[in-house]
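Could you take a look at this one with me? My notes are below, point by point.

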Amino acid sequence: MSKDRILKLIHLAGTAWFILCVGYILVFTLRQAGFHWWVIFSLSGHSVLIVFLLISLYLFAIFRGVTRSQAIEIEHPLTSTNYYTVLYITTPFLGGLAGCLGMIGVSAIKQFLLGVALGTLGATFLAWVIVDSVTALLEMLLPAASRKHRAERLAQAKAEREKRQKDRERLLAEVLAKEKSERRGWQEMLKPQAEKLAELLTTNRANFRKAEREAVDIGVDAWQIGGLSCMRQLRDMAMDLCKKKYQDSMIVDYVSSWWDGIGSWRNQPIGENIELS
């Protein structure tokens with residue numbers, strides 16, 4: 001069994017012992033106040049879900065604290081040591097032992113158990129809440145090497161984030177520049193197809209099927225040249241030509257339906273009828 005797994009199990013056992021002691025103190029206090037057992041169990045029954053959630057959250061924090069093992073030892077010269085870790089996770093047991101020693105000579109079992117529970121509660125609160133927080137704060141403030149290493153680590157992390165952001169911006173700029181260059185190249189290449197497509201949009205009903213087949217062939221060629229972007233540019237060019245040539249006419253956008261299913265082109269119901277005025 002690995003060292004980390006052993007530390008987890010000891011910490012889990014210590015936490016369970018700590019929770020048991022707190023529960024005993026709570027029940028003992030309620031009994032001393034005159035509450036009946038059925039009232040105590042009723043109160044605990046309604047609050048069991050909240051207690052379970054709090055314990056789960058606390059155990060999650062515990063396991064994270066144990067497994068990370070203070071990887072940056074130069075910033076945590078004390079709390080990263082094995083001695084400190086063992087002392088930290090065994091504090092509930094040490095507090096219970098201190099309570100046992102303090103209750104030597106007490107014959108009443110209830111009072112003896114209360115002393116053990118109070119010793120566990122006091123030692124655990126002192127070590128986990130106060131001593132550990134103060135120790136971690138002193139580690140950050142006192143050693144010059146620790147402060148210097150922390151500042152360098154944070155500066156390096158910031159520089160890496162800025163570098164990643166600049167790389168993303170540069171990549172986006174390259175993609176946009178490439179797309180703009182492709183559009184300029186397509187402008188001349190697609191001009192004949194755009195003119196043909198504009199003529200097909202104004203064809204009469206007798207030749208509508210033939211016009212549709214020719215438009216599909218044009219769409220397939222555009223898809224093979226540059227995908228969806230090329231198809232959109234060709235369609236826009238054709239509609240612009242129709243606008244210039246037939247200013248007083250209502251032009252129906254058949255292209256969206258003709259090209260439906262070619263590559264990733266899908267019919268766009270919005271703007272089916274475009275008035276070119």
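The points start with the overall fold and then go through a few individual spots.

1. First, the ground rules. This is a predicted model, with local features needing pLDDT of at least 70, side-chain atom pairs counting only at pLDDT 80 or more, and totals for chains, interfaces and linings using all residues. Residues are numbered from 1 along each chain as its sequence is written, and side-chain values use heavy atoms, with hydrogens and water left out.

2. The protein has ten helices and two strands (DSSP runs: H or I of at least four residues for helices, E of at least two for strands, numbered from the N terminus). Reading from the N terminus, the order is α-α-α-α-α-α-α-α-α-β-α-β. Of the 277 residues, 25% are buried (under 20% relative accessible area; exposed is over 50%, partly exposed in between, with a 1.4 Å probe and protein chains only).

3. T90 sits in the loop between α4 (82–89) and α5 (91–102). T90 counts as buried because its relative accessibility is 19%. A polar atom of its side chain lies 2.6 Å from the backbone oxygen of V86.

4. H76 is in another loop, the one between α3 (48–68) and α4. Its relative accessibility is 17%, so H76 counts as buried too. The C-alpha atoms of H76 and M140 are 7.7 Å apart, with their positions 64 residues apart along the chain.

5. Next, L20, in helix α1 (residues 3–32). With a relative accessible area of 55%, L20 is exposed. Its C-alpha is 9.9 Å from that of T120, and the two residues are 100 apart along the chain.

6. What makes up the nonpolar surface patch of about 570 Å²? The members are F125, L126, V129, I130, V131, V134 and L138. Patch residues have over 30% relative accessible area and no salt bridge; like charges are joined within 9 Å, and nonpolar side chains (Val, Leu, Ile, Met, Phe, Trp, Tyr) within 5 Å. Areas are Shrake-Rupley with a 1.4 Å probe, and for residues only the protein chains shown count as cover. A salt bridge is a side-chain nitrogen of Lys or Arg within 4 Å of a carboxyl oxygen of Asp or Glu. F125 belongs to helix α6 (residues 109–141) and is partly exposed, at 47%.

7. Finally, K158, R161, R164 and R168 form a surface patch of positive charge (Lys and Arg count as positive, Asp and Glu as negative, His and chain ends not at all; charges are placed at NZ of Lys, CZ of Arg, CG of Asp or CD of Glu). R161 is in helix α7 (residues 144–189) and is partly exposed, with 47% relative accessible area.

Key:
Polar contact = N/O pair within 3.5 Å; in protein donor to acceptor, adjacent residues only side chain to side chain.
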